[in-house]
Structure formats: structure tokens, C-alpha cells
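Grab a pencil and work through these exercises one at a time. Try each task yourself before you read the solution.

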Amino acid sequence: MSLSFRHAGPGELLLALRDAHARTLAMFDALATGGYDKPERVPCLPIVNPPLWELGHIAWFAEWYTLREAVSSDPSTVRHASLLSQADTCFDSNTVGHDARWTLDLPSPATMRSYCKEVHERLLDKLAVSGDDDVALYPYRLILSHEDMHGEALHYTINTLDQKPPVSAETRPCGEAAQIRFPGGVLHRGAVRGDGFAFDNERWDHCCEVYAFAIDAAPVSNAAYRAFIEDGGYTRPEYWSTEGRAWLSQTGRAAPLRWRAQDGDWICRRFGEDLMLDADEPVRHVSLHEAQAYCMWAGRRLPTEAEWEYAARSGHAGFGWGHIWEWTASLFVPYPGFAPGAYREYSAPYFGTHQSVRGASFATPARMRSAHFRNFYQAHRDDIFVGFRTCALLHN
């Protein structure tokens, strides 16, 4: 599927949903190979879910908005019972707390697969006779995006648990370390009514002023970040925010996650393998605190959401993005006039506590990639495939 899922018709959505389903099962199989299809084998970490729970949740969510015809995440709007008994008490992420997902009486992997298959086949049959307007296709676009995002989360889990991913997909070299200057101006951002699917945090279109700025053409590379480390970056408190210093004290971190020094070089651990660090790749697995500290050391700062989007939508051939997620300087907050969408808990609970992240990673399906898309994570997260680039205002 080459076009965005946001404007996909029934035929394109059918193919994309099949692809997403196959990807989910491949990720689950990769984890099952290591025994992680059994929740009791999975470490109870705040950054992962038991894969068996994740598999059931994906199918439950898809069933909720299509076969069960719920118009929102409010249980009072659901019109039909689940195909799986006790599904609502097991897989509703709004009522089942994170740590509780390890102690649920979940169905066996075989039963879960059967449930997933039946939901998938029935919703495709229903899609085949659906209308082709935005209203009729909204539930299918929503569940596709939900499964794609969980598919990437499973990719994070595979890396965290030192397993092999089903498909090899890696980042590309950063390219030349260059600056691109933009004159600034008015940025029209946000979703336009009637123009396909939009997440609630993208609604609605509005204007904001962007002042002239210079931004890195590519994310910061491993080589550039290594220079920061070797200049004592992790031991110089003046580069770190108050929150960053507390994070350093808590974690004892002296380099990015899964880096270790060896014989004057650096090794990084990825998907269960120890690899020589590629100097030209974008640095990944860095927290917001580390990104901010590097920027302070370099005499720069992170770009705001608006600056990042301005550059990404400019059409400038030198601005490369999409190989790694990128931290921004902006707190995740609603656009003017925000109202929750059908999935009411998608954005609203995270405003003001999470940081805006832009772009995409090598694990993001092409149909999900958009310069408008607003991702968001807490500042300490470094298990995700995230890096950053630097920016500065231009003065006359």
C-alpha cells in the first residue's frame, strides 16, 4: 500500500488490514520463539506488555469498533457482544491496568489466535460491503492505525527482550552534517475537515507563526553523539536539566541505552546481537533528557513541533526524516478547539505529561508516515527507536 491510510478506500484498506494482521502474527511468533507467548515468562516492565495480552487487545479493539459497532470507547455505545467471552474484562486498556495484564486468566495462545482470525475475517467481510465515504471507513482506518502502532510497539518489545525480528529493517546513514535555513512564516497545521482520517490531536486546522530558523538536515549521528560522551557530556551537570540530572542519578547512565565501551570503541546491542556502532547512523535509544543535554553542549536546542513540521513539509530535498523518531522541544498539548475522538483516551490523558515526538522510524509502516502525525512519549523513554536533531533561531 503506497498511499496514506488516511485516504484509503475499501480495497486498499482490505489489503492494508491483511498486511497489518500478518505483521502482528509474525511479531508474536518471533516472541513466542523465546517463550514469551507465556505471560509468566515476560518480565513485568513498564515499557512492555505480555505479547499474549497485546495480541488479544489488538483483536478486541478491532472487534469493538467494527463488528460490535461501538461509536466510541464508552461501553454504553457498544451494540453487540464479543466473540470471546470475558474479552471486555481482559483486553480493555481503559479498565485493565498495566501490571494487572500479567495476572489475568488469559486464553491459551491457540484460542487467542482463533479469536484473532475470526475477528479479522469477519471485519474484512463487513468492509467489503461498506460504503466508501470517510464516515463509513473511519472505524477501519482507526483500527488499522491502532494495529500498526501496536505492531511497532511489539518491535520495541522484541528488541527489549533480545529476540530476532521477523523482518530485518534498519536505519540509514545520516548523510552530511549540514544546516538548512528556513525563513519562517505562517504554518497552516492541523487536519482539514472533510479531508480523510485524522487523529483527534491533529484537529483542527489553524495557523501559527514560525520565526526564521536553522535546523540540522539529518538527525544527530552516532559519531556526533560519541563526541559529546567523550567530552564528558554525562558528567557535566551544566548540560542537564533538573529532571535530567535526577534521571542520570536514578539510572546511572553514562551512554545511550545498550551502548558499552570496548577496546576504545563502542558496541551496541540490537535484537539480541552485539554490533560495532555504525558512526554514520542516527543515534537511537536516547531519552529526552539526553537529547536536551547534547543540544546544550552543542550550543543548540531541539526544534519545536512547528519548526519540525515546517521543515518536513517544505519539500526541501535536503531535509531527511523517517528513519528514526525525533524528540521535539514541545510538550504534547491539544490544538485549539480540541475534542476527543471516538477513541476518547487516545490523546487527552497524555496532554501536559508527555513530549511531542515527530517523524517515523524504520519500524513504522509507510502508510502511517506523515509530516502531520503527532507521536508522544514520556521524557525518560529510551527503549523506542527515537533520536533527535538540533535547531536554532536565526537573527537578523
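**Exercise 1. Find which residues lie nearest the centre of the second largest pocket, and work out what its lining is made of.**

Step 1. Start with the residues: 16 of them line this pocket, and Ile 47, Arg 253, Leu 257, Asp 382 and Asp 383 lie nearest its centre. Here's what the words mean: on a 1 Å grid over the protein atoms alone, a pocket is an open set of points with protein on both sides within 12 Å along at least five of seven lines, while a cavity is a set where a 1.4 Å probe fits but cannot get out; lining residues have an atom within 4 Å of a point.

Step 2. Before going on, know your material: this is a predicted model, where local features need pLDDT of at least 70 and side-chain atom pairs count only at pLDDT 80 or more, while totals for chains, interfaces and linings use all residues. Residues are numbered from 1 along each chain as its sequence is written, and side-chain values use heavy atoms, with hydrogens and water left out.

Step 3. Now the space: the second largest pocket holds about 270 Å³. A volume here is the space filled by probe spheres set on the grid points, which are joined across faces, edges and corners.

Step 4. Look for the elements: H5 and helix H7 (242-251) each supply at least two lining residues, and H7 has the largest share, with 3 residues. Helices (H or I, at least four residues) and strands (E, at least two) are DSSP runs, numbered from the N terminus.

Step 5. Sort the lining by class, and you get 5 nonpolar, 6 polar and 5 charged residues. In this sorting, Ala, Val, Leu, Ile, Met, Phe, Trp, Tyr, Cys and Pro count as nonpolar, Asp, Glu, Lys and Arg as charged, and the others, Gly among them, as polar.

**Exercise 2. Which element gives the most to the lining of the largest pocket?**

Step 1. The largest pocket has a volume of about 1,300 Å³. Of its 48 lining residues, the closest to the centre are His 150, Tyr 350, Phe 376, Tyr 377 and Arg 381.

Step 2. H2, H5 and strand E10 (375-377) each bring at least two residues to this lining. The winner is H5, with 11 residues.

Step 3. As for classes, this lining has 24 nonpolar, 15 polar and 9 charged residues.

**Exercise 3. How many cavities of 30 Å³ or more does the structure hold, and what lines the largest?**

Step 1. There are 3 such cavities, and the largest has about 130 Å³ of space.

Step 2. Fourteen residues line the largest cavity, with His 21, Ile 58, Ala 59, Cys 116 and Glu 147 nearest its centre. Two or more lining residues come from each of helix H1 (10-32), helix H2 (51-65), helix H4 (109-128) and helix H5 (134-160).

Step 3. By class, the lining of the largest cavity splits into 10 nonpolar, 3 polar and 1 charged.

**Exercise 4. Describe H5: what are its length, its kink and its surroundings?**

Step 1. H5 has 27 residues and reaches 38 Å from its first C-alpha to its last, close to the 39 Å expected at 1.5 Å a residue. That expected span is 1.5 Å times one less than the number of residues.

Step 2. Follow H5 along and you meet a kink of about 25 degrees, centred on Tyr 140. The bend at a residue is the angle between axes fitted to the seven residues ending there and the seven starting there.

Step 3. Since 21 of its 27 residues are buried, H5 is largely enclosed by the rest of the structure. (Buried means under 20% relative accessible area, exposed over 50%, partly exposed in between, with a 1.4 Å probe and protein chains only.)

Step 4. Check both ends. At the start of H5, a side-chain oxygen of Asp 133 comes to within 3.1 Å of the backbone nitrogen of Val 135. After H5 comes Asp 162, with a positive phi near 60 degrees.

**Exercise 5. Is Gln 355 buried or exposed, and which backbone oxygens does its side chain reach?**

Step 1. Gln 355 belongs to strand E9 (residues 355-359). With 9% relative accessibility, Gln 355 counts as buried.

Step 2. A polar atom of the Gln 355 side chain lies 3.2 Å from the backbone oxygen of Thr 328. The Gln 355 side chain also reaches the backbone oxygen of Ala 329, at 3.4 Å.

Notes
A polar contact is a pair of N or O atoms within 3.5 Å; within protein, one must be able to donate a hydrogen and the other to accept it, and residues adjacent in sequence count only if both atoms are side-chain atoms.
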